[in-house]
Amino acid sequence: MPFAATAAAGLFSAGDAHAAKPQILESDHVLGFPTAPITIIEYASLTCGHCGNFHKFTFGDLKKNYVDSGKAKFVYRHFPLDRFAFIAAILSECTNDDSAFFEMIGTLFEQQEEWTRADDPALALIEIGEKNGIALEEFVTCLTNQELVDGIASESLIGSTQFGVDSTPTLFIQGEKYERDRSFEAMDSYLKTLA
């Protein structure tokens, strides 16, 4: 399993906690070339409609124009806002590698309206897992993996207490919180100033 509980050590850049900027960690899920000059970090909740919209309407163009071209690398971090977002985060961590992780995140956002509004969202997540190669037994093993559960909780807590994450999605570009429009056009315009 690629995800492990993250210690607070090593999360900070030089300076005090108020100047802390998120850095890429060994436990992070990273999409793109490690040497890409721009780093984009997203804190998101899998039940968050705004996160779903970002992944449906912006992320594809961002990936095509920046990640796939080697201009940027993209890091996804969990910030579950409710119980089912936490369960969905665990499902995403049940994958074998970063490629499968990002495919699962994409599937969960694409099908967000269906599974979050199901009579039993947990059952809907089990079905999504099974359709994507994660058997029920494997999912149950992940759900009861305390290190995995603690890792997701820790990632969220550190985002909140150290980096000021208080809503989703929260984006950091080059360590700075990005608080502008999240349309691809607006992000493209901003990212071009960093090249």
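## A walk through the sheet and its helices

Let's start with one pair of residues: Ala-44 has His-78 in β3 as its bridge partner. Ala-44 belongs to strand β2, which covers residues 38–44, and that strand is a good place to begin the tour. Keep in mind that you're looking at a predicted model. The mean pLDDT of the protein chain is 91, with 90% of its residues reaching 70 or more. Residues 1–19 are another story: pLDDT stays under 50 there, and the model has 44 contacts beyond four places in sequence for that stretch.

Back to β2 and β3. The two strands run parallel and are joined by seven bridges. Another residue pair to look for here is Tyr-43, which stands opposite Arg-77 in β3. On its other flank, β2 meets β4 (residues 170–173), and this time the pairing is antiparallel, over four bridges. Find Ile-40 and you'll see its bridge partner in β4, Ile-173.

Now zoom out to the whole sheet. What is the order of the five strands? The open sheet reads β1-β3-β2-β4-β5, with mixed pairing. β1 (29–31) and β5 (176–178) stand at the edges with a single partner strand each, so one side of each has no neighbour in the sheet. On average, neighbouring strands are turned by 30 degrees against each other, if you ignore direction. At the β1 edge, three bridges tie β1 to β3, and these two run antiparallel. One landmark there is His-29, standing opposite Tyr-76 in β3.

Next, look at where the side chains of β2 go. Ile-38, Ile-40, Glu-42 and Ala-44 point one way, while Thr-39, Ile-41 and Tyr-43 point the other way, and all are buried. That's seven of the seven residues of β2, so the strand is largely enclosed by the rest of the structure. What about β3? From β3, Ala-72, Phe-74, Tyr-76 and His-78 point one way and Lys-73, Val-75 and Arg-77 the other way, and all of these are buried too. Because seven of the seven residues of β3 are buried, this strand is also largely enclosed by the rest of the structure.

So what packs around the strands? Helix α9 (residues 184–192) packs on the sheet and touches β2, β4 and β5, and its direction makes about 20 degrees with that of β4.

Then there's helix α8, residues 146–163. Its 18 residues reach 24 Å from the first C-alpha to the last, close to the 26 Å expected at 1.5 Å a residue. Many of the names along this helix are worth clicking on: the buried residues include Leu-148, Val-149, Ile-152, Glu-155, Ile-158 and Phe-163. Which elements do the buried residues of α8 pack against? They meet the strands β2, β3, β4 and β5, as well as the helices α3 (83–93) and α7 (136–143).

Finally, check the two ends of α8. At its start, a side-chain oxygen of Asn-145 comes to within 3.1 Å of the backbone nitrogen of Glu-147. Just after the helix, Gly-164 takes a positive phi of about 75 degrees.

Terms used
Residues numbered from 1 in each chain as written. Predicted model: local features only at pLDDT ≥ 70, side-chain atom pairs only at ≥ 80, totals over all residues. Heavy atoms only, no water. Pairing = 2+ DSSP bridges. Axes fitted to C-alpha atoms, helices over the stretch in contact; angles between N-to-C directions. Contact = heavy atoms within 4.5 Å. Expected span 1.5 Å × (residues − 1). Buried < 20%, exposed > 50% of the residue type's maximum accessible area, 1.4 Å probe, protein only. Polar contact = N/O pair within 3.5 Å; in protein donor to acceptor, adjacent residues only side chain to side chain. pLDDT = per-residue confidence, 0-100.
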